[in-house]
Amino acid sequence: MRIEKVVVETDDRDIKTFSLSFVNKEDEANFNYIPGQFAELSVFGKGEAPFGMASSPTQLECLEFTVSKVGVVTTALHNMQVGGMVGIRGPLGNGYPLEALKGKNIVMIGGGFGFSTLRALTNFVLDETNRHSFGDITIIYGARRPGLLLYKDDLEKWRNEADLHLHLTVDYGDEEWTGRVGFVPQITREVAPSSENAYALICGPPAMIKFTLPVVNELGFPLERTLLSLEMKMKCGIGMCGRCNIGSKYVCRDGPVFSCTEILGFISEQL
Ligand SMILES: Cc1cc2nc3c(=O)[nH]c(=O)nc-3n(C[C@H](O)[C@H](O)[C@H](O)COP(=O)(O)OP(=O)(O)OC[C@H]3O[C@@H](n4cnc5c(N)ncnc54)[C@H](O)[C@@H]3O)c2cc1C
Ligand code: FES
């Protein structure tokens, strides 16, 4: 794929969103994905790594990936420019259960780059061809500080959407920040989204998931309607190498989206 655009998302420049286009039109036609799935991106000569699709499949021009710079592959990607070429393997994993979510209110709780697949789902649901199939959307999204919030254009747009309730929070504010200050679990408790006819989708760093789960449980979301998107270290991405298992499940093949019912008993070891 060819890098068409690079957006620096955060003020520390450590998270960038890459828009990629297929060189081969046949590959493009075959790459059918749903929000919550991921792909392995490869930087030639460096290696490959898994990233969730940050774009919605309703957005046809490009695939987007939001990449946090942490090591070999991600640093190499960050050093690439528009026009550079990368490899892609995917789509992989299960994605969010769109059929089950139809007719339901969706409460999305996210932090860090984990928010990328929730962003994909939000834009998917907001697309005019899909909006009537889903209920209200509530988003609780947190970052350590205002300069680390991703997708600022989307957040601005979403504020004006009917039936979308956006709650942003930061752990530490600055002189310009007038929004909420507090950790995601605490803000989830304050916002107290209704669990009636609703699913809770949680995606973010392990500590955020660990402390948000009991809150979501207190709010009355049953385990089968509490979905987690998990990240594990992966290699093959297709259930072959045994690198990413939780109990009998492979995160790459059976996940990365699981209901709490599916992984009850294993989850406390992971968080
Ligand atoms: C399903 C899935 C979806 C993901 N989506 C995204 C995404 O949208 N954006 C994004 O920036 N990252 C995402 N990640 C994490 C990303 O794959 C890793 O950050 C990446 O593999 C690091 O590669 P590297 O070569 O740069 O780092 P390495 O040089 O391999 O390692 C650098 C550091 O990162 C740690 N690390 C490596 N892999 C992981 C991992 N999977 N989770 C936590 N720490 C890790 C290593 O222990 C080491 O400390 C996802 C991971 C999975 C499994
Ligand atoms: S990454 Fe190989 S089995 Fe999941």
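How many helices and strands does the secondary structure of the protein come to? The count is 10 helices and 15 strands. The model is predicted. The legends below start with the whole chain and then turn to single sites.

**Figure 1. Overall build of the predicted protein.** The secondary structure comprises 10 helices and 15 strands. The radius of gyration is 18 Å, close to the 18 Å that the globule rule gives for 271 residues, so the protein is as compact as a globular protein of that length. Along the principal axes, the C-alpha atoms fill a box of roughly 50 × 45 × 35 Å.

**Figure 2. Interior and contacts of the protein.** Of the 271 residues, 51% count as buried. Contacts with a separation of 6 or more were also sorted by distance in sequence. Residues 24 or more positions apart account for 67% of them.

**Figure 3. Surface and charge of the protein.** The exposed area is about 12600 Å². Carbon and sulfur atoms supply 50% of that area. The side chains include 26 positive and 33 negative ones. The centres of these two sets lie 6 Å apart.

**Figure 4. Close-up of Ser68 in strand S5.** Strand S5 covers residues 63–68. Is Ser68 buried or exposed? Ser68 has a relative accessibility of 16%. Buried means under 20%, so Ser68 counts as buried. Which residues touch Ser68, leaving aside its neighbours within four places in sequence? They are Asp14, Ile15, Thr74, His78 and Phe113.

**Figure 5. Close-up of the aromatic pair Phe115 and Trp158.** A search of the whole structure finds six aromatic pairs. In the pair of Phe115 and Trp158, the ring centres are 6.2 Å apart and the planes stand at 70°. Planes over 60 degrees apart count as edge-to-face, so this pair is edge-to-face. The pair links distant parts of the chain. Phe115 belongs to helix H4 (residues 115–126), and Trp158 to helix H5 (residues 152–159). The two residues are 43 residues apart.

**Figure 6. Close-up of the aromatic cluster around Phe115 and Trp158.** Which residues form one aromatic cluster with Phe115 and Trp158? Tyr141 and Tyr151 join them. Phe115 is buried, with a relative accessible area of 0%. Trp158 also counts as buried, at 0% relative accessibility.

Definitions and conventions: Residues are numbered from 1 along each chain as its sequence is written. Chains are lettered from A and ligands numbered from 1 in the order in which they are written. This is a predicted model: local features need pLDDT of at least 70, side-chain atom pairs count only at pLDDT 80 or more; totals for chains, interfaces and linings use all residues. Side-chain values use heavy atoms; hydrogens and water are left out. Helices (H or I, at least four residues) and strands (E, at least two) are DSSP runs, numbered from the N terminus. The radius of gyration is taken over C-alpha atoms; the globule rule is 2.2 Å times the number of residues to the power 0.38. Buried means under 20% relative accessible area, exposed over 50%, partly exposed in between (1.4 Å probe, protein chains only). Contact means heavy atoms within 4.5 Å. Accessible areas come from the Shrake-Rupley method with a 1.4 Å probe; for residues, only the protein chains shown count as cover. Lys and Arg count as positive and Asp and Glu as negative; His and the chain ends are not counted. The place of a charge is taken as NZ of Lys, CZ of Arg, CG of Asp or CD of Glu. Rings of Phe, Tyr and Trp (its six-membered ring) pair if their centres lie within 6.5 Å; planes under 30 degrees apart count as stacked, over 60 as edge-to-face and the rest as tilted.
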